[in-house]
Amino acid sequence: MGQTLTEQILEDHLVEGELETGEEIGIDIDQVLTQDTTGTFVWLQFEALGLDEVQTEVAAQYCDHQTYQFDFKNTDDHRFLRSAAGTFGAHFSRPGNGICHNVHKENFAAPGKTMLGSDSHTPTPGGLGELAIGSGGLDVAVAMGGGPYYIEMPEVVNVRLEGELPEWSSAKDVILEMLRRLSVKGGVGKIFEYTGPGVETLSVPERTTITNMGTELGATTSIFPTDERTREYLAKQDREDEYVEIGPDEDAEYDDEIVVDLSDIEPLVAKPSMPDNVVPVREVAGEDVEQVIVGSCTNGGYEDILPAAKMLEGREIDMKTEMIVAPGSKQASEILAREGWTAEMMAAGVNFSEATCGACIGIGHVPASDSVSVRTFNRNFEGRSGIEDDAVFLSSPEVAAAAAIKGELVDPRDLAEELGDMEAPGMELPEKYNGSKTDLIAPDEAVDDDLIKGPNIGDVPLKDPLDAHLAGPALLKMDDNITTDHIIPATQDILMYRSNIPKLSEFTLSRVDDTFAQRALESDGGFLVAGENYGQGSSREHAALCPMYLGIEGVLAQSFARIHKANLFNFGLIPLTIDADDYAKIEQGDDIEIVDDVAEAVESGQEEFTVRVDDGWELTATLDASERERRILAAGGKLPLTRAQYDEG
Ligand code: F3S
């Protein structure tokens, strides 16, 4: 039987286990990526593990989330990251050089390679045939030290693309259509492999828009085969020698198949405040728009901004609407400027931002209260823009530019008809494509060979091995779909403490209950209770680390998001699954006691645990964990376990 592309790459990198759905496998990692909000802890953990040199083919440290230097804290972090990259042998991308996924795509992503990144949109280079997976920072630190990455073998789903996108529809609409059909939970435990005749009609940047936002489906990753368009893209980046033709065997068998006819795709938007709240733009046309932002790791490339620029050429944006372009990389900024598009857009009324995540996580360009913002980003979770009760619509650059011109949501086809002289933007790419590399410091150009830790860089807190007896109050009961943004908000005023855990922990779950952190500190242990899909969103390991620091022993939830569940194991918090009836019966403040000898039960492979609630009724909770995850949990987390293993030699 033939293999899927995913199976081929995994088999090439397999060091443990068998490629059977649901089985845990260990794979070698070729490349790692980390960014500033997760990176400080990646390096502190790399150091705490006693490691001294990066072992992967490529390791890259980006500074993209917190690039604005309001006071010394971000700047100290940037300097620490530069010094860590220099000391241990990684590439360092300076603040302002761009968003990790965009810069990685341009400089390092290569077909057939495996990549691990401490950011949830790590799957972006899947558009070039790289198998790229998001994980917690500790997994990245271990992989960077040469250790394997462990994962349950996901289902592989064939997404067969037929036809060709019509004018005014874009790759963003393809992934919004997937979200409309499958929801934010539809990809959990799955890898989406794109195949079919529609693939060759999409450029590499279009493919990476789709793989980037596969994360919103909850997918482990998404991947495309390679072809002449991949070769052309790499050639334009002066990396043609890294091209290899890869794709599934003709007789490959998939776990499932979805067919998407590109010819049927129309301009779509995700309404506030979930990426799967998708409708045709025409359904919401006429809604006033006060702000439009084109950019982010999803639609921040030159090819993403160009359609908007062409639509704006010779026009002006609406008087009551503000439009910001935030390129995803300095390369994109440089080409736009070189080709004259920056001036065209400025003349139309656009403001330019440096290449940064910025507004995507509420850092700058916060919308006005009670107003609509249309963004080409990948997430519109409530409050993520920096203001509670926001109304963020996610769209393609074409829909965003149309909204800026009209001052309201409008299908670009209807706007073109109304204006009479607006052509659908084509895509002519300049011959010279790559920008200067001034802001990317290679390991052999490193400016530091020792770590520089300012006062905002703290130590890595460690947990003791798992106790036999776990008990404490249900300190907080939460609903479904709690995101890592709820657990540790990614806004500037909070994330500037990302390397200072005692201070950062004060903000834990403050968006759900601002008394939580104090109550948790005062309580001697305790539990979190949640509904479905707990921990969806980013790979932020602080969302497990801070509850651990506050003394939380475990989480009882109806289900968990994949990366967050791995982070809970990695920091020694027990993730127990409970059913909907029991979830409904537990009340905040109830005493929770795990009746079993927890340490022994975890190590012996026990799956069902008896939980006594309020000294009265009992429920059965399930621990779904591999042998390796059980060893991690018993040791108090992955760091103490790995360090002990290194000590044993
Ligand atoms: Fe940055 Fe937003 Fe992407 S925070 S990495 S632009 S999802």
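Two strands pair if DSSP finds at least two bridges between them. Keep that rule in hand for the last stops. The model on screen is predicted.

**Domains.** Colour the protein chain by its three ranges: domain 1 (5–262), domain 2 (270–419) and domain 3 (470–647). Now show domain 1 and domain 2 together. Their centres, taken over C-alpha atoms, are 25 Å apart. Select the contacts between them: 32 residues of domain 1 touch 37 residues of domain 2.

**Ligand.** Centre on the ligand next. The space taken by the ligand is the second largest cavity. Which domains supply the shell around the ligand? Domain 1 (5–262) and domain 2 (270–419) each give at least three residues. Show side chains for the residues around the ligand. Among them are His65, Ile99, His101, Asp119 and His121. Add Ser296, Cys297, Cys357, Cys360, Ile361, Asn378 and Arg384, which also belong to the set around the ligand. Colour this shell by residue class: five residues are nonpolar, five polar and two charged.

**Strand β21.** Move to domain 3 (470–647). Select strand β21, residues 470–477. Then add strand β25, residues 591–594. β21 and β25 run antiparallel, joined by four bridges. Pick alanine 471: its bridge partner in β25 is glutamate 593.

Now add strand β22, residues 527–530. In which direction does β22 run relative to β21, parallel or antiparallel? The two strands run parallel, with three bridges between them. Finish on leucine 476, whose bridge partner in β22 is leucine 528.

Definitions and conventions: Residues numbered from 1 in each chain as written. Predicted model: local features only at pLDDT ≥ 70, side-chain atom pairs only at ≥ 80, totals over all residues. Heavy atoms only, no water. Near = heavy atom within 4 Å. 1 Å grid on protein atoms, 1.4 Å probe; cavity = no way out; pocket = protein on both sides within 12 Å on 5 of 7 lines; lining within 4 Å. Sits in = over half its atoms within 2 Å of the grid points. Nonpolar A, V, L, I, M, F, W, Y, C, P; charged D, E, K, R; others polar. Domains from an automatic or database assignment. Contact = heavy atoms within 4.5 Å.
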